[in-house]
Amino acid sequence: MADIDDIKDGKDFGLGQPQDKQGFYLKGLANYDWGIKNRMSRIFNPKSGRTVMLAFDHGYFQGPTKGLERIDLNILPLAEYADVLMCTRGVLRANIPPSVTKPIVLRCSGGNSILSELSNETIAVDIDDAIRLGVCAMAAQVYIGAEYEHKSIANVIKLIDSGLKAGIPTLAVTGVGKDMARDARYFGLATRIAAEIGAQYVKSYFIEEGFERVTAGCPVPIVIAGGKKLPELEALEMAYKAVDQGAAGVDMGRNIFQSDDPVAMIQAVSKVVHELEKPEKAYQMYNDLKA
């Protein structure tokens, strides 16, 4: 058994040497079967190896938050510009027309709210319904260091195991409690745990210090969460720094749908993520589209 009193932080992450992808364009996924790799290839653009996911699953614990009061009015106009839509099954059936062919990442954890302990979640979607909906991935929160850490890890393991039987990948989403340190040590721990239990990709947060160590230490792709609403230029700078330091894309919500011009913003974000456009030029593009 590991001696927790003698754990030493990792030092040599081989930052100048990319992980061997073993013949598949996404790291850590070469040895999965066709179904998993096909779905991941729909999520991550095979040319750039990256993705722009549009997250609007916030209502499952926040309710009708700003920008998500009306999914049909606020989100549907953005769908054509996103690579992937991330939402709950209730919103998917109620608001997203079946003629929309964008890949769906389905929020599969729930059972909490902003009025309760966020880490106390359960699996809220049966694998049969995920199959019925034709989703490309299932997502659940993992709360490392929180009160219900073990339960959240067990939730993700359950999704991974059921997903492997059906050829559906699992996205582990790192949840951070208000009292937790948002640093490289924490995110390195959380993302590595998610990958070690078998998540095919991980959603985490960008940090200014040590993010390249977080991505290097995670053997599967990481996409960053947009987090709180930032000024547009700052959000574009965050996206650029993240992909430059090893992220495989973004899963943005508020920094797109709460923007002054969400349609312009999602196009600017895509320019940064897929073409590595510098933030200043992407911001000019945003302003031109907005005008």
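These are my notebook entries on a barrel, the helices around its strands and one salt bridge, all taken from a predicted model.

**Entry 1: the barrel**

I started with the strands. Eight of them close into a barrel, and going round I read the order S1-S2-S3-S6-S7-S8-S9-S10. The pairing is parallel. I then looked up the twist: neighbouring strands of this sheet are turned by 25° against each other on average, if direction is ignored.

**Entry 2: one strand pair up close**

Which strand does S3 join through three bridges? I found S6: S3 covers residues 104–107, S6 covers residues 137–142, and the two run parallel. I noted one facing pair here, with arginine 107 standing opposite alanine 139 in S6.

**Entry 3: helices on the sheet**

Next I checked what packs on the strands. Helix H9, residues 232–244, packs on the sheet and touches strand S9 (222–225) and strand S10 (249–252). The direction of H9 makes about 140° with that of S10. Helix H11, residues 262–275, also packs on the sheet, where it touches strand S1 (51–55) and S10. For H11 I wrote down an angle of about 145° with the direction of S1.

**Entry 4: H9 against H11**

Both helices touch S10, and I wanted to see how they meet each other. H9 and H11 pack at an angle of about 25°, and their axes are 9 Å apart. Angles under 35 degrees count as roughly parallel, so that is what H9 is to H11. H9 passes H11 in a right-handed crossing. From H9, I listed Glu232, Ala235, Leu236, Ala239, Tyr240 and Val243 in the contact; from H11, Met265, Ala268, Val269, Val272 and Val273. Sorted by class, this contact has ten nonpolar residues, one charged and no polar ones.

**Entry 5: H11 against H12**

H12 spans residues 279–290. Its axis and that of H11 come within 9 Å and cross at roughly 155°. That angle makes H11 roughly antiparallel to H12. The crossing is right-handed. On the H11 side I found Ala264, Met265, Gln267, Ala268, Lys271 and Val272, which meet Ala282, Met285, Tyr286, Leu289 and Lys290 in H12. I count this contact by class as eight nonpolar, one polar and two charged residues.

**Entry 6: H9 against H12**

Is H9 parallel or oblique to H12? The axes come within 9 Å and cross at roughly 135°. That makes H9 oblique to H12. H9 passes H12 in a right-handed crossing. Glu232, Leu233, Leu236, Glu237 and Tyr240 of H9 make the contact with Pro279, Glu280, Ala282, Tyr283 and Tyr286 of H12. The classes here are seven nonpolar, three charged and no polar residues.

I also noticed some residues coming up again. Glu232, Leu236 and Tyr240 of H9 sit in the contact with H11 and also in the one with H12. On H12, Ala282 and Tyr286 meet H11 and take part in the contact with H9 too.

**Entry 7: a salt bridge at S3**

Last, I looked up salt bridges, and the count comes to eleven. One of them brought me back to arginine 107, which pairs with aspartate 57; their closest N and O atoms are 3.0 Å apart. What does this pair tie together? Arginine 107 lies in strand S3, while aspartate 57 is in the loop between S1 and helix H2 (59–62), so the pair links parts that are 50 residues apart in sequence.

Definitions and conventions. Residues are numbered from 1 along each chain as its sequence is written. This is a predicted model: local features need pLDDT of at least 70, side-chain atom pairs count only at pLDDT 80 or more; totals for chains, interfaces and linings use all residues. Side-chain values use heavy atoms; hydrogens and water are left out. Two strands pair if DSSP finds at least two bridges between them. Helices (H or I, at least four residues) and strands (E, at least two) are DSSP runs, numbered from the N terminus. Axes are lines fitted to C-alpha atoms, for helices over the stretch in contact, and angles run from 0 to 180 degrees between N-to-C directions. Contact means heavy atoms within 4.5 Å. Angles under 35 degrees count as roughly parallel, over 145 as roughly antiparallel, 65 to 115 as roughly perpendicular and the rest as oblique. A crossing is left-handed if the near helix is turned anticlockwise from the far one by less than a right angle, and right-handed if clockwise. Ala, Val, Leu, Ile, Met, Phe, Trp, Tyr, Cys and Pro count as nonpolar, Asp, Glu, Lys and Arg as charged, and the others, Gly among them, as polar. A salt bridge is a side-chain nitrogen of Lys or Arg within 4 Å of a carboxyl oxygen of Asp or Glu.
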